[in-house]
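Here are a few warm-up exercises to work through with the coordinates open. Try each task yourself before you read the solution.

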Amino acid sequence: MSQSQKNISKTLVMPPGIRERFLHFGSGSGDDRYDKTLLTGGFSDHLPPGYEVRIGNCQTDEFYYVAAGELWFHDGGGFRRVAAGGFAFLPRGTLHAFHTGHGTAADIWFHYRSYLGKPARLLHLPERFLFHEARFGGEVKLLAELLYLQNHTVHAGRESTIDQLLGYLEEECLEPDAAPGVSLQRKLEAVFLAARQNFRKNWSVPELAAAAGLSVPVFHDKVRRLFHKTPQELLREFRLSVAAGLLKDTDLPLKTIAEETGYSGEFAFSKAFRQQYGVSPGRFRRGETVTK
């Protein structure tokens, strides 16, 4: 056990009447599955008055979507009310405390154990408490309910559901105070700029999604919404714009330019270039334009 995991104090007050459903993200069973799985979660369909959780130096990052009633979360200074439709993120290494007060509540929750290994799709988690109106509560609820059904029917789409769910959890934590879409657009632009600066590497969409800290389905969806193009289309445009610059400004052979911009060979490069610009790379270099 690491030093950071020592001195963890836990208080649980669990009055009668609690109703919960658990989501399974890994293998194993019972306590072993809960304690040793990177991500766990579930539905608290009914939390009665007096319900309380208090864990000092908690070593999990925790996400809560309040579905009904209200929960009171400790924010590092005091308790803060989060009503139905609200979202709370509690970072690891802090006091995690919340209670229902005098009323009932319901929530959807996820616990993420980064000390077991950190996958690329959940890279960008903040180190501070977050409380705001949930932006993706509807999507998360639908995906969680779908996953619950898939866990009990061994549905083939389970992994895809988990991947999308993780992407929405990560995105829920992206700069909630920024103008809608601005922080995400800057992040995606930075990812594609990095790809543009290193086109010798044959970037794949999963690699770009990982660099953005998003799941592949969410990454694909956000790129389409922000840029009105697929990730593959953006990659091709960026590669060919770099190639066009090299054709105009250098005397590099076509084979070399193809390699520098991530194409497998001169033929594949020439075909893609002609589709984009309407002329062959050689004619483009000579200053010829498309014949109407």
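**Exercise 1. Get your bearings.** Work out how many helices and strands the protein chain has, and what share of its residues is buried.

Solution. Keep in mind that this is a predicted model. Start with secondary structure: the chain holds 10 helices and 10 strands. Next, burial: of the 292 residues, 42% are buried. Finally, look at contacts between residues at least 6 apart in sequence: 73% of these link residues at least 24 apart.

**Exercise 2. Check the confidence.** Find the average pLDDT of the chain, then pick out stretches where pLDDT stays under 50.

Solution. The average comes to 81, and 80% of the residues reach at least 70. Now go for the weak spots. Residues 1–7 stay under 50, and the model gives them seven contacts beyond four places in sequence. Residues 27–34 are below 50 too, with 10 contacts beyond near neighbours in sequence.

**Exercise 3. Place Phe63.** Is Phe63 buried or exposed, and which residues does Phe63 touch?

Solution. First locate it: Phe63 sits in strand β5, which spans residues 61–74. Its relative accessible area is 0%, and the cut-off for buried is under 20%, so Phe63 counts as buried. Then list partners, skipping residues up to four places away in sequence: Phe63 touches Phe87, Ala88, Phe89, Ile108, Trp109, Phe110, Tyr112, Leu125, Leu169 and Cys173. Take Tyr112 as one of these: Phe63 and Tyr112 are 49 residues apart along the chain, with 8.3 Å between their C-alpha atoms.

**Exercise 4. Map the cores.** Which residues touch the most other members of the largest nonpolar core?

Solution. This core has 39 residues, and the best-connected are Phe25, Phe63, Phe110, Leu208 and Phe219. Helix α3 (residues 158–172) supplies the largest share, five residues. Zoom in on Phe219: beyond four places in sequence, Phe219 touches Leu188, Phe192, Val205, Leu208, Ala209, Ala212, Leu214 and Pro231. There's also a second, separate core of 17 residues, with Tyr51, Phe73, Ala88 and Phe98 among them.

**Exercise 5. Classify a helix pair.** How are helices α7 and α9 oriented relative to each other?

Solution. The axes of α7 (residues 231–249) and α9 (residues 266–277) come within 10 Å and cross at roughly 95°. Angles of 65 to 115 degrees count as roughly perpendicular, so that's the label for α7 and α9. On the α7 side, the contact residues include Leu240, Ala244 and Leu247; on the α9 side, they include Phe269 and Phe273. By class, the contact has eight nonpolar, two polar and two charged residues.

How values were computed:
Residues are numbered from 1 along each chain as its sequence is written. This is a predicted model: local features need pLDDT of at least 70, side-chain atom pairs count only at pLDDT 80 or more; totals for chains, interfaces and linings use all residues. Side-chain values use heavy atoms; hydrogens and water are left out. Helices (H or I, at least four residues) and strands (E, at least two) are DSSP runs, numbered from the N terminus. Buried means under 20% relative accessible area, exposed over 50%, partly exposed in between (1.4 Å probe, protein chains only). Contact means heavy atoms within 4.5 Å. pLDDT is the predictor's confidence in each residue, from 0 to 100. Axes are lines fitted to C-alpha atoms, for helices over the stretch in contact, and angles run from 0 to 180 degrees between N-to-C directions. Angles under 35 degrees count as roughly parallel, over 145 as roughly antiparallel, 65 to 115 as roughly perpendicular and the rest as oblique. Ala, Val, Leu, Ile, Met, Phe, Trp, Tyr, Cys and Pro count as nonpolar, Asp, Glu, Lys and Arg as charged, and the others, Gly among them, as polar. A nonpolar core is a set of buried Ala, Val, Leu, Ile, Met, Phe, Trp, Tyr and Cys residues joined through side-chain atoms within 4.5 Å.
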